[in-house]
Amino acid sequence: MLIDVNVQADSYRVRIGEGIESFPARLGEYTQHKKIIIVTDSNVASLYASRLSAAAVKEGFEFNLFEIPAGEESKTLDWTGKIYSFLLKNGAERGTPVIALGGGVTGDLAGFAASTFMRGLPFFNVPTTLIAQSDSAVGGKTGVNLKEGKNLVGTFFQPRYVHIDVDVLKTLPEKEFKSGLAEVVKHAVIAGQGFVDFITENAPGIMNKDPEIMEIAVCEFVKIKGGVVEKDEKESGLRKVLNLGHTLGHALEAETGYGKMNHGEGVAVGMVLAAQISAHMGLSGKGLADSIRQLLSLFGLPVNLPAGADISKLVERMYFDKKVSKRKLEFVIPEEIGKIKIGVPVEDSLVEKALNEISL
Ligand SMILES: NC(=O)c1ccc[n+]([C@@H]2O[C@H](COP(=O)([O-])OP(=O)(O)OC[C@H]3O[C@@H](n4cnc5c(N)ncnc54)[C@H](O)[C@@H]3O)[C@@H](O)[C@H]2O)c1
Ligand SMILES: [Zn+2]
């Protein structure tokens, strides 16, 4: 299946349903360069790098593989510098393709390095996590973290082509898969009732990573994300809907320590918070929060703050989020399934009240 993402100047295609070993042949349609740089992480390297590399050699490419340690800790300026050095050492020049093989960390970091090295090398993405396949690989946001906060440095830089093999999700650890499911529920809440029905009906197939269902599902996720990005490439407005659940999500991730409550789990609880706030502000009926809770529970995702969470610290954290204006916390608020309001300022007292309601 092929999906076109039509962004200004550099539209690109996303292909879903071919194995990773067919990527090099597809790459040949986009470049004359025979030297390619593949960036991957330590987990994905041992699982899939040799399959991709062997296929690349068969297609006549000379590949150079750069491996980062797996995990969010590698999404730094320091590792960006190491990629630059690797590119130089291996004779990269303008036009040398850079390929990310991995999850959102690999894609964000390799994309950032590719977008800045010699003012931009052609970037290709072979995403291997559910988050990367259904969210981060489409949209062109690249970036790294600073010690002060997540994703504080980055660029908008669209890939030339994205190649998605849903079979690789089979080896994804359960916790990582669930993290992706939270983004899937988020996509559904944004997209509308039809998509909520689709994931509800196909929940068992999705949970079992059934390749046929995953192929259809990922295709739908890419269409939703691509559709939003096409309308607002640089996040001046509409694209902010994708941040639903993320204000609290990022705070929870940081406050509980990266790794304990992962990105998706934080986003899941964040969506419940946004729905609670919505009800209190009279923007939605109370039923919406219940529907979102039910949907999240169906996929085994959390709907409450972790035990012992410090509410005032969470509020403090949310003020650090770069997506928040200085004076008042702002939230992305669901009014109903498929109808989302962005940039809604909310009083601290109401945020605290809603946080208390989702405390165990
Ligand atoms: N650019 C965007 O628009 C965007 C959107 C959402 C998230 N993100 C970023 O994405 C990152 C999170 O992405 P992620 O969850 O993919 O993280 P990740 O890249 O760290 O991958 C999660 C874990 O799964 C492992 N892994 C990857 N593929 C595997 C496979 N097929 N089999 C077994 N193990 C595998 C990785 O080694 C890692 O340990 C965050 O840094 C977040 O900021 C970016
Ligand atoms: Zn997210």
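These legends walk you through four close-up views of a predicted model.

In this predicted model, local features need pLDDT of at least 70 and side-chain atom pairs count only at pLDDT 80 or more, while totals for chains, interfaces and linings use all residues. Residues are numbered from 1 along each chain as its sequence is written, chains are lettered from A and ligands numbered from 1 in the order in which they are written, and side-chain values use heavy atoms, with hydrogens and water left out.

**View 1. The shell around ligand 1 holds 26 residues.** A residue belongs here if one of its heavy atoms lies within 4 Å of the ligand. Look for D41, G104, T128, T129 and T171, which are the closest. Helix α2 (42–58) gives the most, with four residues, and α4 (104–116), α5 (130–136) and β8 (149–156) each supply at least two. Helices (H or I, at least four residues) and strands (E, at least two) are DSSP runs, numbered from the N terminus. Sorted by class, the shell has nine nonpolar, eight polar and nine charged residues. Here Ala, Val, Leu, Ile, Met, Phe, Trp, Tyr, Cys and Pro count as nonpolar, Asp, Glu, Lys and Arg as charged, and the others, Gly among them, as polar.

**View 2. Oxygen atoms of ligand 1 make polar contacts (pairs of N or O atoms within 3.5 Å) with the protein, including one to N43.** An N or O atom in the side chain of N43 is 2.9 Å from a ligand oxygen. For V105, a polar backbone atom takes part, at 3.0 Å. N151 offers a polar side-chain atom at 3.4 Å. Taken alone, ligand 1 exposes 870 Å², and the protein buries 90% of that; these areas come from the Shrake-Rupley method with a 1.4 Å probe.

**View 3. E183, H246 and H263 hold the donor atoms of the zinc ion, ligand 2.** Donors are N, O and S atoms within 2.8 Å of the metal (3.2 Å for Na, K and Ca); water is not among the atoms, so sites may look incomplete. The donor atoms, OE of E183 and NE2 of both histidines, lie 2.0 to 2.1 Å from the zinc ion. Their spacing along the chain is E-x62-H-x16-H. H246 lies in helix α10 (residues 246–255) and H263 in helix α11 (residues 263–280), so the pair ties together parts 17 residues apart in sequence. Buried means under 20% relative accessible area (1.4 Å probe, protein chains only): H246 is buried at 8%, and H263 is buried at 15%.

**View 4. Strands β7 and β8 form a hairpin with two residues between them.** β7 (residues 141–146) runs antiparallel to β8, joined by five bridges; strands pair if DSSP finds at least two. Find V144, and you will see V153 of β8 opposite.

Key
Polar contact = N/O pair within 3.5 Å; in protein donor to acceptor, adjacent residues only side chain to side chain. Buried < 20%, exposed > 50% of the residue type's maximum accessible area, 1.4 Å probe, protein only.
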